[in-house]
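Reader: I should like to go through the terms used for this structure and the grounds for each. Please set every value against its criterion.

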Amino acid sequence: MEELDVEPTTTNIPASEGNHLGFVWGPGDILVYDTIYKSSGSVGTCSSFIHEVRKDEDIYSPILRKLFNESHHIFVGLQTIREDLPNKNKKTQFVSISKNYRSVIRACMEELQQVADTELATQYGNQVSILLAIELIWNLCEVLFIDAAPGGSLLLHLLDWVRLHKADVDEKAQEVLQSESPTEHHGYWDVVSATKTLHSYLMQGRMDEARQMLVKWGVLKPAARSMYKQMDNLLSKMPVYNPGGSQTLTEFDVKWRHWHDMVDHSLQDNSFASDPNLELICKILMGDEDAILEQKDLLSTWYHFLVTRLLFSHPTVKPTELHYYAQSCLAMFDSRSAPEPLDSILLAAFEFDIHQVIKDCSIALNNWWFVAHLTDLLDHCNLLQSHNLHFGSNLREFLLLEYASGLFTHHSLWQLAVDYFDHCPEFGRVYLEQQIEHVPLDTERKALKVLRICEQRQMSEQVRSICKIMAKRALRNNRLGSALSWSIRAKDAAFATLISERFLQDYCARGTFSDLDLIDNLGPAMLLSDRLTFLGKYREFHKLYGENRFSDAATLLLSLMTAQIAPRSFWMTLLTDALPLLEQKEVRLPPKVNERNTWEPEMSSLYNLSVKPMTFQDEDVEVTKVELLRLALARNLAMAIVKEGTVAV
């Protein structure tokens, strides 16, 4: 489990006599544990059971993670819509984005249904039910708020809404109608009689399918053929509003009322009195509430009853009138004293109370995904501009922050949360800075991802923190190259000095450098600290020596001695490196080197070693080296004096 950055606050809650319940706040989760207290109030023996309570369990479902990933792409695309586009164009894009969200919901729901017969059937079944409710609510919000369909078109959209969420009749009916002999099909009577498919089609406004069923039905009753033909004529003449046509809403209303009078006339003159089924259909077409409620088992919900009632009694309903019909239909359809949470949400939508919809959904649903994305879309539609929270952030940002904070508790979804924080202008950066510190840096690859995110957003403190953590981890694992690379990225001079000294110690012990590619390509980074500068220059000295550029190598080595940036423990190594160079003819008197700058640094270093000898592992060997150095220096000094005093002829 991830460690807490600070000591967590522990709160004990009395559970029963002698037993208590305690919890501690973790990074995104809560740890709950049982405690036992003595009568004196001091803590007794605690139980060993610790329960982890996650605030958003759905993010750990592999199928629902697809929902989070796909919706993230839609969300990012929504943020790029230009503000200066005409409202008509923006509305088209917003409706398209809303449908994209719903398609992702439905795809996840279908995948959950496919695996619902596994051992996790209960869990998956609950998730399917939640997604069904989410899609139902989202679709209604799309119709009422985002698309904002006017009178006439509104009913058509509501019919599509009901059909989409009440499509079980199609599966059985299609199987029967597409068979070679529908009347002899084994499921024919289940479709026609038991499930009343014809009535279901009627109450969804699907007149073409209803007429097909009526024809099949009439084949079985040749004597009543004229009545079935008359009913088919009524169904065929039922007017349907076409928003894209030339007919105005007033003209449609006149035409519909004329058709309605035809149906009423047929009912009044008892044209279908001899056939109860046809008479019931005629009453449904008239919008008879009692006749429609007789099919309550087919409607199944009050909002289906609402749409059916509007279809046959008030097809030109205006948005402002919806809430009156919705309240009365709920009361007529369901006699319960208190509506279910879903009913309350739908009622609030029909009342065009957007904020109540969001509030109820936040309470009823088990995660922030729905309210965060829906609110974001509604905010882009300029439907939430008047609603700000008392603590400074608007509703959209508050919900996005909550949703993104939940994503940050997941080992992979945290990367999605970064984009959500980026599009919260007021508090997004603050949340990101706090949350990014809790991402466990399990691997170097993951650390680089986190680092790239911080660097792109110029989060300098977090960059330094990550680099320091990774540098210390690499150093513990004796990966000096990685540790040095991380310390350079952190611009940590003290740690770079420490690692540089480790490199030099390893060189003294093994005689070679590790991670040569890194040291050879330090570039300006070597200026981070004196010790790192020395490491880079000392490696450069070795390269010059290996290329037989002895004069350049001697000059560089001499400058390293003069600068006195080498650790004292390394002086002997430098003087030992100078030994073969002192015997080279071409470097006995390097350019711009006279007896003073040859004598002073080298002899003073040798003097320090002689006066303050170090603890040598092999004292005889070191004493021999010192004597050889004295001899080489003396010979080099003598040669320098002779050459300096020689006058060129």
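Reader: Why is Phe 352 called partly exposed?

Author: In this predicted model, Phe 352 has a relative accessibility of 32%. Partly exposed covers what lies between the buried limit, under 20%, and the exposed limit, over 50%. The value of 32% falls between these limits, and therefore Phe 352 counts as partly exposed.

Reader: Why does Phe 145 count as buried?

Author: The relative accessibility of Phe 145 is 7%. Buried requires a value under 20%, so Phe 145 meets the criterion at 7%.

Reader: What makes Phe 145 and Phe 352 an aromatic pair, and what makes the pair edge-to-face?

Author: A pair of aromatic rings is described by the distance of the centres and the angle of the planes. For Phe 145 and Phe 352 the centres are 5.7 Å apart and the planes make an angle of 75°. Rings pair if their centres lie within 6.5 Å, and planes over 60 degrees apart count as edge-to-face. Both conditions are met, therefore the two rings form an edge-to-face pair. The structure holds 19 aromatic pairs.

Reader: What makes this pair a link between distant parts of the chain?

Author: Phe 145 belongs to helix α3, whereas Phe 352 lies in the loop between α16 (341-350) and α17 (354-364). The two residues are 207 residues apart. Helix α3, residues 121-146, also gives the most to the largest nonpolar core, with 13 residues. That core has 172 residues, and Trp 302 and Phe 350 are among those with the most contacts inside it.

Reader: Which residues does Trp 302 touch, beyond those up to four places away in sequence?

Author: Trp 302 touches Ala 326, Cys 329, Leu 330, Phe 333, Asp 343, Leu 346, Leu 347 and Phe 350.

Reader: How do you know that Lys 296 lies over the face of Phe 333?

Author: The distance from Lys 296 to the ring centre of Phe 333 is 4.9 Å. The criterion asks for NZ of Lys within 6 Å of the ring centre and within 35 degrees of the ring normal. The distance of 4.9 Å satisfies the first part, and Lys 296 is assigned to the face of Phe 333.

Reader: Why is Leu 156 called partly exposed?

Author: Leu 156, in helix α4 (residues 153-165), has a relative accessible area of 23%. Buried would need a value under 20% and exposed one over 50%, so Leu 156 at 23% is partly exposed. Leu 156 touches Val 240, Tyr 241 and Pro 243, leaving aside residues up to four places away in sequence.

Methods. Residues numbered from 1 in each chain as written. Predicted model: local features only at pLDDT ≥ 70, side-chain atom pairs only at ≥ 80, totals over all residues. Heavy atoms only, no water. Core = buried A, V, L, I, M, F, W, Y, C linked by side-chain atoms within 4.5 Å. Buried < 20%, exposed > 50% of the residue type's maximum accessible area, 1.4 Å probe, protein only. Helix = DSSP H or I, 4+ residues; strand = E, 2+ residues; numbered from the N terminus. Contact = heavy atoms within 4.5 Å. Phe/Tyr/Trp six-rings, centres within 6.5 Å; stacked < 30°, edge-to-face > 60°.
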